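Got the viewer open? Let's take a short walk, one selection at a time.

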Amino acid sequence: MNPRTLLAAALLLAPTPAVVAAEPAPAAEIETRTVTYEHDGVAFVGYLAQPAELADDAERPGVLVVHEWWGLNDFTRDRTERLAELGYVAFAADMYGQGEATDDPQQAGAWAGAVSSDRDEMRARAQAALDVLARHDNVAEDQLAAIGFCFGGTTAVELGYAAEHLKGVVSFHGNPQPAREQDENINASFLILHGAADPLVSDEDLDAFAQPLMQRELEHRIVRYDGARHSFTNPAADGLDNDAAAYHADAAERAWHEMQALFEDLFGEGD
């Protein structure tokens, strides 16, 4: 029996403490709105969340959020709001245009495939969204990060290769591609949060991603969660009828805390 199993068993057998657990702290008040922006003649519709009633001169770190292949849906908006509750100004990118989203895997695959087949266009669309965030009055332009989920994790890494002022990148169950030789101005710290039981992204894929960063002595870390499959952060993954994907509550919580720890290291303590 491994140490984690032993600890779980010990906790189950331990007597219930007499002290009643404290109520969780209420979530911070936030403000949200949609933001329309343009790239290459196409209208995109992003989603902004920030702490409520920020003073005009208050500056916070800004975090770009990139959606799964489904498009900018409720899951993406929820994660964007959670970042705002932590004290960040968060902006969810629209990678497809017109705010498109779907629950049809064939349509999602077609949209994601069209964007990811051109790495330069993928980066340009993500950069257009990052520019919106960086121009926000309450965002410190030298304190920017990007996170993404699945397709969005892959996209966030691509943006990290291209946007030299980006300080941190977090990929949740993405498939990060290796940096290219011409990617010369990489300054971000990369955090790859991966389900060890994900059949869609292999250890060889992650090794290929890491190799160029190791050669250039760039900061990166890969965290693997035992038993977690693809899309492990999204509760909706259990309804996909797809053995490759499944929600893993423990891994999802731990991965979110890993992201918070990176941001606290890069930007200081949040609210």
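Before we start, one yardstick: a residue counts as partly exposed when its relative accessible area falls between the buried range, under 20%, and the exposed range, over 50%. Keep in mind, too, that this is a predicted model.

Select Arg221 first: with a relative accessible area of 43%, Arg221 is partly exposed because that value sits between the two cut-offs. Now add Glu258, whose side chain meets that of Arg221 in a salt bridge, 2.6 Å from N to O. Arg221 belongs to strand S8 and Glu258 to helix H7 (residues 249–267), so the pair ties together parts 37 residues apart in sequence. Glu258 is partly exposed too, at 22%.

Stay with S8 (residues 220–225) and bring up S7 (residues 189–195): the two strands pair in the parallel sense over 6 bridges. To get from S7 to S8 the chain passes through helix H6 (residues 203–215), a right-handed β-α-β crossover. Across the pairing, look for Leu193 opposite Val223.

Next, pick Arg123 and Glu158, which form another salt bridge at 2.8 Å, N to O. Arg123 sits in helix H4 (residues 119–134) and Glu158 in helix H5 (residues 151–162), 35 residues apart. Both are buried. Widen the selection to Arg119, Asp120, Arg180 and Asp183, and you have a network of salt bridges that includes Arg123 and Glu158.

Last stop: His67, in the loop between strand S3 (60–66) and helix H2 (74–85). Is His67 buried or exposed? Buried, with a relative accessible area of 0%. Its side chain reaches the backbone nitrogen of Met95 at 3.1 Å, and the residues His67 touches include Tyr96, Phe149 and Phe151.

Conventions
Residues numbered from 1 in each chain as written. Predicted model: local features only at pLDDT ≥ 70, side-chain atom pairs only at ≥ 80, totals over all residues. Heavy atoms only, no water. Pairing = 2+ DSSP bridges. Helix = DSSP H or I, 4+ residues; strand = E, 2+ residues; numbered from the N terminus. Right-handed = clockwise from strand over helix to strand, strands pointing away. Buried < 20%, exposed > 50% of the residue type's maximum accessible area, 1.4 Å probe, protein only. Polar contact = N/O pair within 3.5 Å; in protein donor to acceptor, adjacent residues only side chain to side chain. Contact = heavy atoms within 4.5 Å. Salt bridge = Lys/Arg side-chain N within 4 Å of Asp/Glu carboxyl O. Lists of a residue's contacts leave out its neighbours within four places in sequence.
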